[in-house]
Amino acid sequence: MLHIGGDVMLPNKSVIAVLDIKKSGSFQYSREDAIKIEGGKLRTLIIAEEMGKRKIYLSPLTTNAICRLKNFGGN
């Protein structure tokens with residue numbers, strides 16, 4: 001399981017992408033549909049697929065922190 005901020009955990013295999021919000025300018029999404037995780041300034045956009053549906057999470061954790069937690073070199 002991957003901790004993405006607050007009390008939110010996602011299965012590692014459900015995570016499709018971890019993007020820096022500042023650098024994801026060309027990525028289009030509806031902020032109303034995004035799930036915002038409390039805890040400070042939103043820094044990372046996470047795209048995950050759960051039960052066949054894509055979800056967007058906005059996290060206060062940095063992309064580096066999330067990538068270290070996910071251990072992209074692993075599974």
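This passage walks through the fold of a single chain, from its overall layout to a few individual residues. The model is predicted.

The chain holds 1 helix and 6 strands. Read from the N terminus, these elements follow the order β-β-β-β-β-β-α, with the helix spanning residues 63-70. Of the 75 residues, 39% count as buried. The chain exposes about 5000 Å², and carbon and sulfur atoms supply 51% of that area. Among contacts with a separation of 6 or more, 46% join residues that are 24 or more positions apart.

A good place to begin is the pair of strands at the start of the chain. Strand 1 (residues 2-5) and strand 2 (residues 8-10) run antiparallel and are joined by 3 bridges. Gly 5 stands opposite Val 8 of strand 2. The hairpin formed by strand 1 and strand 2 has 2 residues between the strands, and Gly 6 takes a positive phi near 55 degrees there.

The chain also contains an open sheet, in which 4 strands are arranged in the order 3-5-6-4 with mixed pairing. At its edges stand strand 3 (15-20) and strand 4 (35-36); each has a single partner strand, so one side of each is left without a neighbour in the sheet. Helix 1 packs on this sheet, where it touches strand 3, strand 5 and strand 6, and its direction makes about 150 degrees with that of strand 3.

Within the sheet, strand 5 (residues 44-50) and strand 6 (residues 53-59) run antiparallel and share 7 bridges. Two of the facing pairs can be picked out here: Thr 44 stands opposite Ser 59 in strand 6, and Ala 48 has Lys 55 of strand 6 as its bridge partner. Strand 5 and strand 6 form a hairpin with 2 residues between them, and Met 51 in the turn has a positive phi of about 50 degrees. Strand 5 also pairs with strand 3, again in the antiparallel sense, over 5 bridges. In that pairing, Ala 17 has Ile 47 of strand 5 as its bridge partner. Strand 5 is largely enclosed by the rest of the structure, because 6 of its 7 residues are buried.

Turning to the interior, the largest nonpolar core has 11 residues in all: Leu 2, Ile 4, Val 8, Leu 10, Val 15, Val 18, Ile 37, Ile 46, Ala 48, Tyr 57 and Ile 66. Strand 1, strand 2, strand 3 and strand 5 each supply at least two residues of this core. Another core lies apart from it and has 7 residues, among them Ala 17, Ala 34, Leu 45 and Ile 47. Ile 46 offers a view of the surroundings of one core residue: beyond four places in sequence, its contacts include Ile 4, Leu 10, Val 15, Tyr 57 and Ile 66.

Helix 1 has two contrasting sides. Its buried residues are Thr 63, Ala 65, Ile 66 and Lys 70. These cover an arc of only 165 degrees around the axis, which puts them on the same side of helix 1. On the other side, Asn 64 and Arg 68 are exposed. The buried residues of helix 1 pack against strand 1, strand 3, strand 5 and strand 6. Thr 63 counts as buried because its relative accessibility is 16%, under the 20% cut-off. Not counting residues up to four places away in sequence, Thr 63 touches Val 18, Leu 19, Asp 20 and Thr 44.

Two loop residues complete the picture. Ser 14, in the loop between strand 2 and strand 3, counts as buried at 8% relative accessibility. Leaving aside neighbours within four places in sequence, Ser 14 is in contact with Ile 47, Ala 48 and Glu 49. Arg 43 lies in the loop between strand 4 and strand 5 and is partly exposed, with a relative accessible area of 40%. Beyond four places in sequence, the contacts of Arg 43 include Leu 19, Asp 20, Ser 59 and Pro 60. Arg 43 and Pro 60 are 17 residues apart along the chain, and 5.1 Å separates their C-alpha atoms.

Methods
Residues numbered from 1 in each chain as written. Predicted model: local features only at pLDDT ≥ 70, side-chain atom pairs only at ≥ 80, totals over all residues. Heavy atoms only, no water. Buried < 20%, exposed > 50% of the residue type's maximum accessible area, 1.4 Å probe, protein only. Contact = heavy atoms within 4.5 Å. Pairing = 2+ DSSP bridges. Axes fitted to C-alpha atoms, helices over the stretch in contact; angles between N-to-C directions. Areas by Shrake-Rupley, 256 points an atom, 1.4 Å probe, with all protein chains shown as cover. Arc of directions from axis to C-beta. Core = buried A, V, L, I, M, F, W, Y, C linked by side-chain atoms within 4.5 Å.
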